[in-house]
Amino acid sequence: MATVQRMTAREWAMLGALSLLWGGSFFFNGVAVKALPPVTIVALRVGLAALALFGLLRLSGLAAPRGGRVWGTFFAMGVLNNLIPFCLIVWGQTRIASGLASILNATTPLFAVIVAHLLTRDEKITGAKLVGLVAGFLGVGVMIGPQALQGLGDDLWAQLAVLGAALSYACAGVFGRRFRALGVAPLATAAGQLTASTLMLVPLALIVDRPWDLPWPDAPTWGAIAGIALLSTALAYILFFRILATVGATNLALVTFLIPVSAILLGALFLGEQLAGRHFAGMGLIALGLAAIDGRLFDRIGKA
């Protein structure tokens, strides 16, 4: 029987923190892409994050993950959660606007519900989930604005690439559930996945970008790389795997709805960007969707 897997206040707080960390990556990326090509940025991002997490493993006294089965799972997770979606989104955004890409990326929870329904026993589709997902997706669209839909259908392959990234993220969420059964701690899981991604992405960056031919980046660029590696990747993936282990893939995918909220709020707080009425309307729809998926809203309506 399908049940709604509810999150505690602590888990909602972690999901909100994760959205802030990933929402901040848009700012860091905006600084870094002015001086470095995309694949090099991604390789530096995962490589520095992996080093930081292995340092934390040593300081915390946790053993580094070992075993062929575990590392095979790390590489598979790295492909699904980093290599495929990062490359597809970067390629897609060279041809479509970032607003449209954000809306297409917000389909991740929709894919997560379908993939989890098909491949798991305890994350089945419910009416509350469907209502909440539709409300959340509409909220993202309203918040970003109708201008983001300009060009919809003009570059089909680029749009399919971003949708493919969203599907890959959804599959990663379901696939990553197995780390709990393997007995790997969230910190070790994050370190292992990012190490596997680094081993795949660094050779790709060397082949595609030839970084030795690039001018040496300035201090703001290195600051942005440090921010996206240590905050938006290392710390973010510790939270990612901790949330995944406790509340499942479908609830974890809800962070995609919250990322635009975090990005817009960060822009208003630190960059002086103004909030419009559509931003508040979109946030309201997203809040309604999250409440519906959580299940408590429908319980209260039923008891009224």
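This report walks through three helix pairings and one pocket in a predicted model.

## H3 against H9

Let's start with helix H3, which covers residues 68-93, and helix H9, which covers residues 186-209. Their axes come within 8 Å and cross at roughly 60°. That angle makes H3 oblique to H9, and the crossing is right-handed.

Who does the touching? On the H3 side, the contact includes Trp-71, Phe-74, Phe-75 and Met-77, along with Gly-78 and Asn-81. H9 answers with residues including Ala-188, Thr-189, Gly-192, Leu-199 and Met-200. Sorted by class, this contact of H3 with H9 holds 14 nonpolar and eight polar residues, with no charged ones.

## H2 against H10

Next up is helix H2 (residues 38-60), which packs on helix H10 (residues 219-252). The two axes sit 8 Å apart, at an angle of about 55°. With that angle, H2 counts as oblique to H10. H2 passes H10 in a right-handed crossing.

If you want to find this contact in the structure, look along H2 for Ile-41, Leu-44, Arg-45, Leu-48, Ala-49, Ala-52, Leu-53 and Leu-56. In H10, their partners include Trp-222, Ile-225, Ile-228, Ser-232 and Thr-233. The contact of H2 with H10 splits into 14 nonpolar residues, two polar and one charged.

## H2 against H9

H2 and H9, both met above, also pack on each other. Here the axes are 7 Å apart and the angle is about 150°. Angles over 145 degrees count as roughly antiparallel, so H2 is roughly antiparallel to H9. The crossing of H2 and H9 is left-handed.

As for what the contact of H2 with H9 is made of, 21 of its residues are nonpolar, six are polar and one is charged.

## The second largest pocket

How many residues line the second largest pocket? There are 14 of them, and Leu-36, Thr-40, Leu-44, Pro-211 and Trp-222 lie nearest the centre. The volume of this pocket is about 260 Å³.

Two of the helices from earlier turn up again here: H2 and H9 each supply at least two residues of the lining. Leu-44 and Trp-222 are familiar too, as both belong to the contact of H2 with H10. By class, the pocket lining has 13 nonpolar residues, one polar and no charged.

Definitions and conventions: Residues numbered from 1 in each chain as written. Predicted model: local features only at pLDDT ≥ 70, side-chain atom pairs only at ≥ 80, totals over all residues. Heavy atoms only, no water. Axes fitted to C-alpha atoms, helices over the stretch in contact; angles between N-to-C directions. Helix = DSSP H or I, 4+ residues; strand = E, 2+ residues; numbered from the N terminus. Parallel < 35°, antiparallel > 145°, perpendicular 65-115°, else oblique. Left-handed = near helix turned anticlockwise from the far one by under 90°. Contact = heavy atoms within 4.5 Å. Nonpolar A, V, L, I, M, F, W, Y, C, P; charged D, E, K, R; others polar. 1 Å grid on protein atoms, 1.4 Å probe; cavity = no way out; pocket = protein on both sides within 12 Å on 5 of 7 lines; lining within 4 Å. Points joined across faces, edges and corners; volume = space filled by probe spheres on them.
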